[in-house]
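Please look through the model below with an eye to how its strands pair and where its side chains are buried. The paragraphs that follow take these topics in turn.

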Amino acid sequence: MNKKYLLPVMAVILMAACTKMDHAYAPYLENGELLYPGVPYQLETHSGRERVEVQFTQSKDPNITKYILYWSNGQKNMEVSPDKQNAVMKVIIPGLAEGDYTFDIVAVYKSGNTSTPKSAIVSGKALGSRFESELFIRKIQASNSRKGFALQYFETDATCRYTDVTYKDAGGIMRKKRLTGTTALFDTLTDIHPSAVSLIFRTAYVPAKCIDTFYAEATVPVNPASGSFVCTGTMVDYTSASLTGPYPWNVTLRQTGARTLELVDDDQTHDVFHKILNGGSPSYYGSFGLVFTTDADNNITGVVNKYGQPASNGRSAELDPSGINKYDPVTKVLQVKYWMNQPGSTHRTLFDETMTMK
């Protein structure tokens, strides 16, 4: 073929091809080229109290006029304008019942064109009263002392922000004290009323990835007679003169209920047993440990053997009504008189003891 005819032939072929392509796409270009907004990315949610914060990085597309967030299978939605100042946008969706949600974020142009649905989906959870009811106050152990009520705060996790303790002071005024931090620590309420019988604790928690604070509250009964003491007094074992009292004896009255205290031997067994001396050497009564019951006026109203009434070896405890049998919250001294019975109701050993708080 002559080269001078080659160029026109190729031009005709190319023109024919382009014309055919234009006809194929013509139905889609009648109103101009369709443009789709950029999709939000780096999605995450933060739980809140009956609300959820949805966070996402906005598209850099300057033509986006709004975002629509859909949830509840598209039945509910919220429209928000782009944040021109920050790349990351945070949207709080309020009024949500406690539960799980899935959010679909759609970007919209002024023309009405939207980003592809279901291309920006993220799940979140709204928290509420059900979640809060399952929280517990920080673990705390309370006991009395000469300086005041001692509070041992056990170690907790980072979601715990603080714990408030509310109590009645020596003048009868309600006070509140806040403890922050998560490590174990001790604190003493030096101005607490000597006859205080309860403490109110309120612990604040902020769960991970959460925008709100949740609380656990409890009124904890405290027995003024709980604490560490030096025990003195007399002991008479009617079956053996070689068994004598261990006084002075370091003990703890450990609260086990609103009105019950168990006597812990701090010198020898470090457990709920009554220490004695056998021929001058430290010993203790087996299967015999004391649990005292008190009333609202700090009277000792009863005593039982922790290991049974009677225990397997026949030992039981009985309060002697001739004793003072009372704790004085002002002097912080407890006086009590009781028997160890063995077997049955036989008074084997008589104890008349005075416990002075440390």
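In this predicted model, three strands form an open sheet in the order S16-S19-S20, and their pairing is antiparallel. The edges of this sheet are strand S16, which covers residues 243-244, and strand S20, which covers 281-284, each of them pairing on one side only. Between S16 and strand S19 (residues 275-278) the antiparallel pairing rests on two bridges, and Leu243 is the residue that stands opposite Asn278 in S19.

From this sheet we can turn to the nonpolar interior. As a general background, nonpolar side chains in soluble globular proteins tend to be buried together. The largest nonpolar core here has 28 residues, and among these Phe292 and Met355 touch the most other members. Two or more residues of this core come from each of the strands S15 (227-237), S17 (249-255), S18 (260-265), S21 (290-294), S22 (300-305), S23 (316-319), S25 (333-341) and S26 (347-357), with S25 giving the most, namely four residues.

What does Met355 contact, once its neighbours within four places in sequence are left aside? Its contacts include Phe229, Val230 and Cys231, then Val251, Leu253 and Leu263, and also Phe292; Lys332, Val333, Leu334 and Val336 are in contact with Met355 as well. A second core, separate from the one just described, is made of 20 residues, including Ile93, Ala120, Val122 and Ala126.

Val122 and Ala126 lead on to strand S7, which spans residues 121-126 and has two faces: Val122, Gly124 and Ala126 make up the covered one, whereas Ile121, Ser123 and Lys125 make up the uncovered one. Strand S7 runs antiparallel to strand S6 (residues 99-109), and the two are joined by six bridges; in this pairing, Gly124 of S7 has Tyr101 standing opposite.

A last site to consider is Asp187, which lies in strand S12 (residues 185-189). Is this aspartate buried or exposed? Asp187 counts as buried because its relative accessible area is 15%, and the cut-off for that label is under 20%. The side chain of Asp187 is joined to that of Lys177 by a polar contact of 2.9 Å. With neighbours within four places in sequence again set aside, the residues in contact with Asp187 are Phe149, Ala150, Leu151, Tyr153, Lys177 and Leu179, so that Lys177 appears both in this list and as the partner in the polar contact.

Methods. Residues are numbered from 1 along each chain as its sequence is written. This is a predicted model: local features need pLDDT of at least 70, side-chain atom pairs count only at pLDDT 80 or more; totals for chains, interfaces and linings use all residues. Side-chain values use heavy atoms; hydrogens and water are left out. Two strands pair if DSSP finds at least two bridges between them. A nonpolar core is a set of buried Ala, Val, Leu, Ile, Met, Phe, Trp, Tyr and Cys residues joined through side-chain atoms within 4.5 Å. Buried means under 20% relative accessible area, exposed over 50%, partly exposed in between (1.4 Å probe, protein chains only). Contact means heavy atoms within 4.5 Å. A polar contact is a pair of N or O atoms within 3.5 Å; within protein, one must be able to donate a hydrogen and the other to accept it, and residues adjacent in sequence count only if both atoms are side-chain atoms.
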